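Reader: I'm new to this one and would like to go through it slowly with you. Could you put it up so that we can start from a single residue and work outwards?

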Amino acid sequence: MQGTGGSIPVPSGITTTFTYPTTITNNGGHYNTSTGIFTAPVSGSYLVCLTDYFANGTGYVGNFIQLSTGQNYYGFASTGPDVVVNNSKVVYLSAGDYINT
C-alpha cells in the first residue's frame, strides 16, 4: 500500500493516527482509508515503511508502527525547521493481524 497525506496540524504532546485518504496502490484493498489500518490477508512477512515530515516542531517528533500482536516500533528525531522521521521494519503477521500507523 502506498498513500499520500496532506498537512495535518498536531498539537504538542498529542498522539494521533494518521490515515491516508488517497492511496496510490492498495492491491487487494487491505488498507482501510477510514481507519488507517492494514489487515494482513495471508500469514507472512511484511515490510512496513513510514516516512513523516514535520515542520517547525518543538521537542521531539516521531512515529510508530503498532501491531495487533502488541508489538510497537518507534522512530524519533529532534525537531527543527524541517525534520524527516523514517521508520522501517519487517514484521511477521498471521492472516487477520493488523497494522495501525
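Author: Let's begin with N87, which, leaving aside residues up to four places away in sequence, touches V48, C49, L50, N63, F64, I65, Y73, Y74 and G75. Please keep in mind throughout that this is a predicted model.

Reader: Which strand does N87 lie in, and is N87 buried or exposed?

Author: N87 lies in strand β8. Its relative accessible area is 3%, and because the cut-off for buried is under 20%, N87 counts as buried.

Reader: What does the side chain of N87 reach?

Author: The side chain of N87 reaches the backbone oxygen of Y73, at a distance of 3.1 Å.

Reader: Okay, stepping back a bit: how many helices and strands are there in the protein?

Author: The protein has zero helices and nine strands, so its pattern, read along the sequence, is β-β-β-β-β-β-β-β-β. Of the contacts between residues at least 6 apart in sequence, 52% join residues at least 24 apart.

Reader: In what order do strands form the open sheet?

Author: Five strands form that open sheet, in the order β3-β4-β9-β6-β7, and the pairing is antiparallel. β3 (31-32) and β7 (72-78) stand at the edges with a single partner strand each, so one side of each has no neighbour in the sheet.

Reader: Over how many bridges do β6 and β7 pair?

Author: β6 and β7 pair over seven bridges, in the antiparallel sense. Among the bridge partners in β7, F76 is matched with G62, and G75 is matched with N63. The two strands β6 and β7 form a hairpin with four residues between them, and G70 in the turn has a positive phi of about 100°.

Reader: And S78, where is its place, and what separation do its C-alpha atom and that of Y60 have?

Author: S78 has its place in strand β7. The C-alpha atoms of S78 and Y60 are separated by 4.7 Å, although these residues are 18 residues apart along the chain. S78 has a relative accessibility of 47%, which counts as partly exposed.

Reader: Switching topic, which residues make up the largest nonpolar core?

Author: The largest nonpolar core has twelve residues, namely Y20, Y31, F38, A40, Y46, V48, L50, I65, L67, V91, L93 and I99. The elements that give two or more residues to this core are β5 (44-55), β6 (60-67) and β8 (82-93), and the largest share, three residues, comes from β5. As a general matter, nonpolar side chains in soluble globular proteins tend to be buried together. Buried residues make up 25% of the 101 residues in this protein.

Reader: How many aromatic pairs does the count come to?

Author: The count comes to one aromatic pair. The ring centres of F38 and Y46 are 5.7 Å apart and the ring planes stand at 65°, so the pair is edge-to-face. Both F38 and Y46 are buried.

Reader: Last thing, as it's a prediction: where is confidence lowest and where is it highest?

Author: Confidence is lowest in strand β1 (residues 2-4), with a mean of 48, and highest in strand β4 (residues 37-39), at 92. The protein averages a pLDDT of 79, and 79% of the residues score at least 70. Where pLDDT is low, the predicted coordinates should not be read in detail.

Technical notes:
Residues are numbered from 1 along each chain as its sequence is written. This is a predicted model: local features need pLDDT of at least 70, side-chain atom pairs count only at pLDDT 80 or more; totals for chains, interfaces and linings use all residues. Side-chain values use heavy atoms; hydrogens and water are left out. A nonpolar core is a set of buried Ala, Val, Leu, Ile, Met, Phe, Trp, Tyr and Cys residues joined through side-chain atoms within 4.5 Å. Buried means under 20% relative accessible area, exposed over 50%, partly exposed in between (1.4 Å probe, protein chains only). Two strands pair if DSSP finds at least two bridges between them. Rings of Phe, Tyr and Trp (its six-membered ring) pair if their centres lie within 6.5 Å; planes under 30 degrees apart count as stacked, over 60 as edge-to-face and the rest as tilted. pLDDT is the predictor's confidence in each residue, from 0 to 100. A polar contact is a pair of N or O atoms within 3.5 Å; within protein, one must be able to donate a hydrogen and the other to accept it, and residues adjacent in sequence count only if both atoms are side-chain atoms. Contact means heavy atoms within 4.5 Å.
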